[in-house]
Amino acid sequence: MAFSSSWALVLTGGGARGAYEAGALKAINQLDLDVKGVYGTSVGALNGVFYCQGETEKLYKIWQDLSYSDVMSVNASSTINVYFHVAHEILSFHLLNVKPLREIVKENLDEKRIRDSGIDFGLVTYDLSKFSPVELYLSQIPKGQLLDYVLASANYPIFQRQVINGQTYIDGGVYNNAPVNMALEKGFKKILLINVSDIPFSLPQIPKDVELKIITPSGTIGNAMDFNPTDERRLEKMGYLDTLKAFGKFVGRDYYIYPPKSPVLINALLSMNATELSKVAGILDLKIGNYSHDLAVYEVLIPKILQTVKATSFDSLNLDLLEMAASTLDINRLTPYTQHELVSEIAKSDQKLRTSFLFFQISDNSIVETVREICKFIVSSGMGC
């Protein structure tokens, strides 16, 4: 069967980075994409079955509080102690007991609901008994054994092996950490790959009539064994926001800004009186007394700024300046902002910056101070954004 308009999701392995996928799946659910196939490896398979089950919110909540003790049997009070425990087990030629993880999945997985969902599912694992990869679709997995095969796919190399019907399995990431091929084999023409892989992988040749959309984390995502609730919540937010941005709900390079109707910074410059405009020009060490108001903006101020911030339009210049200021002033990135909300955050920041001029070039901090001054004007004047 060919799926011309429906989406297939492909979820890579990545251990604790799977929290990013949980955030992405929450966004996909809100976007109301017509998803008819989900194919995953390792933690991607674990996350994938919850999507098929229709419980992305439950998955999101599970990840928010997931700790080392929820994944493996460890007696440790801190991350450092966990690492010592893991190292000791490995050096003692012992594999880690992951009974806690199995119990969480067993408690929450509803195999009947998944099989009745109308969404095709597939996973990748590796049969150590035969030294051969195993790619299975839901219809090929015996009823009552979905839990076992999902855990086989997520059997990280340092975990105690998963045995099914006398066969020993290990994490599917050792063979295929991004099973795009499984979506192609089912005839999907629209494939969304969520990539949190910590190992290289190669993609199959993508036919010209197939759309492959890849979402990758916009920030650091840590290592595969860092099961820390604080980091997992950060990753969930990032996955959620990155996915919404990938589908046009936000603009911005690093921040998440609802698409503005007009470039507020440029509009603010044009709205200032002579005294206010001269104050802004002074931050850039510019004299504008001999210029008319609009000429000072278009022929003096903006060209000077463009020496440092390259942009192709007033809209892109506006966003670049807001993001530059927000980043320099350490304004939280993982939050959705309206243009006015980001302007307000910049305006109220009291972080001290050192401005300087070298060989007639203005520093980035001088640009940021200029943006902050413009934002203060916008807030104080009650300008709309």
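**Close-up views of cavities, a pocket and a helix pair**

**View 1. Three helices around the second largest cavity.** α11 (264-271), α13 (293-306) and α14 (314-328) each supply at least two residues of the lining of this cavity. The model shown here is predicted. The space inside the second largest cavity is about 30 Å³. Its lining consists of Leu265, Ile266, Leu269, Ile302, Ile305, Leu317, Leu321 and Ile374. α11 makes the biggest contribution to this lining, with 3 residues. Sorted by class, the lining has 8 nonpolar residues, no polar ones and no charged ones.

**View 2. Where α11 meets α14.** The axes of these two helices lie 7 Å apart. Their packing angle is about 95°. An angle of 65 to 115 degrees counts as roughly perpendicular, so α11 and α14 are roughly perpendicular to each other. On the α11 side, the contact is made by Val264, Leu265 and Ile266. On the α14 side, Phe314, Leu317, Asn318, Leu321 and Leu322 take part. By class, this contact has 7 nonpolar residues, 1 polar residue and no charged residues. Look back at View 1: Leu265, Ile266, Leu317 and Leu321 also line the second largest cavity.

**View 3. The largest cavity.** A search of the whole structure turns up 2 cavities of 30 Å³ or more. The largest holds about 270 Å³ of space. Its lining has 22 residues, and those closest to its centre are Val43, Leu46, Trp63, Leu66 and Leu101. Three elements give two or more residues each to this lining: α2 (43-52), α3 (56-64) and α6. The largest share, 4 residues, comes from α2. By class, the lining has 18 nonpolar, 3 polar and 1 charged residues.

**View 4. The largest pocket.** This pocket contains about 170 Å³ of space. Asn97, Val98, Lys99, Leu101 and Arg102 are among the residues that line the pocket. Further along the chain, Leu151, Ala154 and Asn155 belong to the lining, as do Phe159, Gln160, Arg161 and Gln162. Helix α6 (residues 99-108) provides the largest share of the lining, 3 residues. The classes are mixed here: 5 nonpolar, 4 polar and 3 charged residues. Leu101 lines this pocket, and Leu101 is also listed with the residues closest to the centre of the largest cavity.

Conventions:
Residues numbered from 1 in each chain as written. Predicted model: local features only at pLDDT ≥ 70, side-chain atom pairs only at ≥ 80, totals over all residues. Heavy atoms only, no water. 1 Å grid on protein atoms, 1.4 Å probe; cavity = no way out; pocket = protein on both sides within 12 Å on 5 of 7 lines; lining within 4 Å. Points joined across faces, edges and corners; volume = space filled by probe spheres on them. Nonpolar A, V, L, I, M, F, W, Y, C, P; charged D, E, K, R; others polar. Axes fitted to C-alpha atoms, helices over the stretch in contact; angles between N-to-C directions. Parallel < 35°, antiparallel > 145°, perpendicular 65-115°, else oblique. Contact = heavy atoms within 4.5 Å.
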